[in-house]
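Open your viewer, switch on a cartoon view and keep the selection box handy. This tour goes stop by stop, telling you what to select and what you will find there.

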Amino acid sequence: MLRLVTAAGLAVDAYVHWNLAAQFDPVVGSGPVRVSEGQLFRLEALLALVAALLVLLVRRRWAVLVAFVVALAGVAAVLLYRYVDIGAVGPLPDMFDPTWYPQKTFSLVAEAVAAAAAGMLLLNPASGRRRGQGEARREARAGLPGHTT
C-alpha cells in the first residue's frame, strides 16, 4: 500500500509540474546557457514519473530511496522558493514565488505524502527485499518450522 501511495503522490507531482511548465517558460536564467523555470518543471515531472515507476516496478530499497529523494527535493524546492529569495544562480532563473495557488498547494501536498510514504518504506527493513530461494534454503537448513530441504 505504501508503494502505491508513494507512486500516486509522485504521479500527481509529475502531472502538476508538466501542466504548469509552459507558464514558466518565460522565466529564464542568464549567461550563455539559459535554463527556464519551465524546463526545470519538465525535469521535475520526468524525475517524479521515473521515481513513481521505479517504486512500483523495482522491489528494491534503492528504488524507494530514489522516490524519497525526488519527493523530498520537491517539498524542499517549493518551500525554499516560497520563503527565500535566492535570486538567479548562474544559468538558473530567479524562482522566488511568494504566492500560493491551488496547483502549487496540490503539488506540495502530493510530494509531502509521497516523501512520508517512501520514508516509512525505508524505515521498514523488509520493504526493499523479497524473500528469495536462497533465503528459504537457509531457513530450511536452520530447521525453521514449515520448511523442507
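## A nonpolar patch on the surface

Start on the outside. Select Leu79, Leu80, Tyr83, Val84, Ile86, Val89, Leu92 and Trp100: in this predicted model, they form a nonpolar patch on the surface, and together they have about 660 Å² of accessible area. Now pick out Tyr83, one of the patch residues. Tyr83 belongs to helix α3. Is Tyr83 buried or exposed? Its relative accessible area is 55%, and a residue counts as exposed over 50%, so Tyr83 is exposed.

## The whole fold

Zoom out and colour by secondary structure. You should see five helices and zero strands, giving the pattern α-α-α-α-α along the sequence. The protein has 149 residues, and 37% of them are buried. With the surface switched on, you are viewing about 8800 Å² of exposed area, 68% of it supplied by carbon and sulfur atoms. Contacts are worth a thought here too: of those between residues at least 6 apart in sequence, 65% join residues at least 24 apart.

## Helix α1

Select residues 2-20, which make up α1. You can check the helix with the distance tool: its end C-alpha atoms are 27 Å apart, and this agrees with the 27 Å that 19 residues should span at 1.5 Å a residue. Show side chains for the buried residues of α1, among them Arg3, Asp13 and His17 as well as Leu10 and Val16. The buried residues of this helix pack against α2, α3 and α4.

Stay in α1 and centre on Thr6. Why does Thr6 count as buried? Its relative accessible area is 0%, and buried means under 20%, so Thr6 qualifies. Leaving aside residues up to four places away in sequence, Thr6 touches Val55, Ala67, Ala114, Ala117, Ala118 and Leu121.

## Ala45 in helix α2

Next, select residues 37-57 for α2 and find Ala45 within that helix. Ala45 has 4% relative accessibility, so it counts as buried. Which residues does Ala45 touch, not counting residues up to four places away in sequence? They are Ala14, His17 and Trp18. For another distance check, join the C-alpha atoms of Ala45 and Ala11: the separation is 8.3 Å, although the two residues are 34 residues apart along the chain.

## The aromatic pair

How many aromatic pairs does the structure hold? There is one. Select Phe24 and Phe41 to see this tilted pair, with 4.7 Å from centre to centre and 35° between the planes. The pair links distant parts of the chain, 17 residues apart: Phe24 sits in the loop between α1 and α2, and Phe41 in helix α2. Both Phe24 and Phe41 are buried, and a slice through the surface may help you find them.

## Last stop: helix α4

Finish with residues 102-123, helix α4. The 22 residues of α4 should span 32 Å at 1.5 Å a residue, and the end C-alpha atoms are 31 Å apart, which agrees. Now show the buried residues of α4, including Lys104, Ser107 and Glu111, along with Gly119 and Leu122. Ala114, Ala117, Ala118 and Leu121 are also buried in α4, and you have already met these four as contacts of Thr6. To see what surrounds the buried residues of α4, add α1, α2 and α3 (61-83) to the view: these are the helices they pack against.

Note on methods
Residues are numbered from 1 along each chain as its sequence is written. This is a predicted model: local features need pLDDT of at least 70, side-chain atom pairs count only at pLDDT 80 or more; totals for chains, interfaces and linings use all residues. Side-chain values use heavy atoms; hydrogens and water are left out. Helices (H or I, at least four residues) and strands (E, at least two) are DSSP runs, numbered from the N terminus. The expected span of a helix is 1.5 Å times one less than its number of residues. Buried means under 20% relative accessible area, exposed over 50%, partly exposed in between (1.4 Å probe, protein chains only). Contact means heavy atoms within 4.5 Å. Patches are made of residues with over 30% relative accessible area and no salt bridge: like charges are joined within 9 Å, nonpolar side chains (Val, Leu, Ile, Met, Phe, Trp, Tyr) within 5 Å. Accessible areas come from the Shrake-Rupley method with a 1.4 Å probe; for residues, only the protein chains shown count as cover. A salt bridge is a side-chain nitrogen of Lys or Arg within 4 Å of a carboxyl oxygen of Asp or Glu. Rings of Phe, Tyr and Trp (its six-membered ring) pair if their centres lie within 6.5 Å; planes under 30 degrees apart count as stacked, over 60 as edge-to-face and the rest as tilted.
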